[in-house]
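Please examine the sequence and the structure shown below. The paragraphs that follow lead the reader from one residue and its surroundings to the chain as a whole, and then to its ion pairs, surface and backbone.

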Amino acid sequence: MKKKSKKPLTPEQQRKRVNLRRGWVSAAGVAMVLIAVILLNLIATSLTDRYDLTLDLTASRLYEITDDTKTMLQELEDTVDITILSAEDDFEKDTYYSKVYTLLQKYRNLAGDKLEVSYIDPYTNPNAVERYSDLASSIQTGSVILTCGDNTRVLNASDFYAVEESASYAGYYDVTGFQGEQALTSAILSVTNEETPAAYILQGHNESISTSLSSLFTNAGYTANTLNLTESKEIPEDASVLVLSLPQADYTETEINMMDDFIKNGGELMVFDSTSCPTELPVLYAYLKEWGIDIQADMVLDADYNINEPTDLLAQLTDSEKNNDLADSDLTLVTPNAKSIAVQSNFDSNDRTVDALMESRDTSYAKVLTDETQYDDYDKTEDDTDGPFTLAALAEYTGNDKGGQVFVCSAGIMMSDDLMGASSLMNQSFLSNALSCMQPEIEMISIPSKSLSAQPLVMGATAQWMVFLLLTLIPFAVFAAGIIVFIRRRRL
């Protein structure tokens, strides 16, 4: 039988076959692109989770980790177990803890197997929570419990955020900043320290101390305690640092002798004074003078470098080598209500040295101050003394190998909560550095709170052009090209 010859295709049939073939090719191309996008997304997600490839585009870099924390995590020798009293999904989606969840992911990526994070839902697994019964007074749903060996630290939502009293509603507080990195890093340092140092805040003379200064100690791994030398008659053996803060009455010779013995046996003393303190504290001032630190009966002002008024002067670091870690910082020191300090580097003693750490600027001046002095204004007069003036100094005992030290700051209001919590100021970093100089064996990291307030997006001309190009011109060009291709195919 003869095979039937195929009839040649008509032009119309040829056109349909070509269009069909093109359709299949297009469909295959779309399918391949979709598969490639899905695979790329899976690979990117895996790499992001494993190597922390996310970008932090928040205005205050909420999730950006400092180099100090990165170094600390990468050099961990002991494993730190972090137990979170919450279901993981609930913790991740919680209004406050969601930021902590994201930050913990970054910590895990950097620390590797030295940081173990687990979740316990207290509602579905109450028996597992019983092992933390000794922490019952401090734990709650969402608590972050860090453990290393016998050391334990508990963090709650209030530890991760900075708050300020509301200006609109009395008794209410506004959340102003996120301090998650400071809380987590300090807690890890605390539980990995072999010994827990103790700071004792002296009482009995109407002293006052800010919450932020107390937190500076606890964040550094210290325990913060109170001590009344008149009642206790002795300084506890575990004391590393004594804090004397803004006293309103003088100390007795007995108390001063106890402090002196403590310092000469390797202890540290931090003294905060201010124009809010009496100008006459003869016993205390006479003792500090023995260390080459002579607090003057005056108030330091600066009409050129200040915030709001001359009493809120802006200070600066000295060129002391103890300030080397702060030398590259461009942050500002705000030191309100300061007295001046006369540093006597050649004082009559061969067993101690003294360094000035902070000073006012050349434009500053000092007015005489007594407990009855009142000024109608703070304008400079001919009777005022010209600056600069020392505002903080550190003296060291060299009479033995224990090397106790005395730190004195005559602008004690610089430790107030609003100034210590401001990420744009150096106040917290300065006091943290001073404590590090006194206790170099205690590793501590100071990380300012990060603002949660919305900030306007400010872009230069180049950035604006790039945004216009990406959001307008390129999409329009792609759309126009699609229309042209569609029309051409319709004509085939």
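**A walk through the structure**

Apart from neighbours within four places in sequence, alanine 199 is in contact with Phe217, Tyr222, Thr223, Ala224, Asn225 and Val241. The model in which these contacts are found is a predicted one. Alanine 199 itself belongs to strand β7. Its relative accessibility is 1%, and because a residue under 20% relative accessible area is classed as buried, alanine 199 counts as buried. A further link in this region is given by the backbone: the C-alpha atoms of alanine 199 and serine 240 are separated by 5.9 Å, although the two residues stand 41 positions apart along the chain.

The view may now be widened to the whole chain. The protein chain contains 13 helices and 22 strands. It has 492 residues, of which 41% are buried. Among the contacts with a separation of 6 or more, 74% are made by residues 24 or more positions apart. The chain exposes about 28000 Å², and 51% of this area is supplied by carbon and sulfur atoms.

Charged side chains are considered next. The structure holds eight salt bridges, and three of them are described here. How far apart in the chain are the partners of the salt bridge between aspartate 273 and lysine 339? The side chains of these two residues meet at 3.3 Å, taken from N to O. The pair links distant parts of the chain, for its members are 66 residues apart. Aspartate 273 is placed in the loop between β10 (268–272) and α10 (282–289), whereas lysine 339 is placed in the loop between β15 (333–336) and β16 (341–343). Both aspartate 273 and lysine 339 are buried.

Another salt bridge joins the side chains of aspartate 351 and arginine 352, with an N to O distance of 3.0 Å. Aspartate 351 and arginine 352 are likewise both buried.

The third salt bridge brings together the side chains of aspartate 89 and lysine 93, at 3.4 Å from N to O. These two residues lie four residues apart in helix α3 (residues 88–93), a spacing of about one turn of the helix. Are aspartate 89 and lysine 93 buried or exposed? Aspartate 89 has a relative accessibility of 41% and is therefore partly exposed. Lysine 93, at 64%, counts as exposed, because the exposed class begins over 50%.

Two patches on the surface deserve attention. One is a patch of negative charge in which Glu75, Glu77, Asp78, Glu194 and Glu195 gather. Among its members, glutamate 194 sits in the loop between α6 (180–192) and β7 (198–202). Glutamate 194 has a relative accessible area of 81% and is therefore exposed. Strand β7, which borders this loop, is also the strand that holds alanine 199.

The other patch is nonpolar: Tyr96, Val163 and Val175 make up a surface area of about 250 Å². Tyrosine 96 is located in the loop between α3 and α4 (97–111). With a relative accessible area of 41%, tyrosine 96 is partly exposed.

The backbone remains to be considered. Most residues other than glycine have a negative phi, and most peptide bonds are trans. Several positions in this model may be read against that background. Asparagine 206 is not a glycine, yet its phi is positive, at about 60 degrees. Asparagine 206 is found in the loop between β7 and α7 (211–219), and its relative accessibility of 62% makes it exposed.

Leucine 246 likewise has a positive phi, near 50 degrees, and is a residue other than glycine. Its place is in the loop between β9 (239–245) and α9 (253–264). Is leucine 246 buried or exposed? The relative accessible area of leucine 246 is 7%, and leucine 246 is therefore buried. Asparagine 206 is exposed, whereas leucine 246 is buried.

Finally, the peptide bond from glycine 387 to proline 388 is cis, with omega near 10 degrees. Proline 388 lies in the loop between β19 (385–386) and β20 (390–397).

Definitions and conventions. Residues numbered from 1 in each chain as written. Predicted model: local features only at pLDDT ≥ 70, side-chain atom pairs only at ≥ 80, totals over all residues. Heavy atoms only, no water. Buried < 20%, exposed > 50% of the residue type's maximum accessible area, 1.4 Å probe, protein only. Contact = heavy atoms within 4.5 Å. Areas by Shrake-Rupley, 256 points an atom, 1.4 Å probe, with all protein chains shown as cover. Patch = residues over 30% accessible without salt bridge, like charges linked within 9 Å, V, L, I, M, F, W, Y side chains within 5 Å. Salt bridge = Lys/Arg side-chain N within 4 Å of Asp/Glu carboxyl O. Lys, Arg positive; Asp, Glu negative; His and termini not counted. Charge placed at Lys NZ, Arg CZ, Asp CG, Glu CD.
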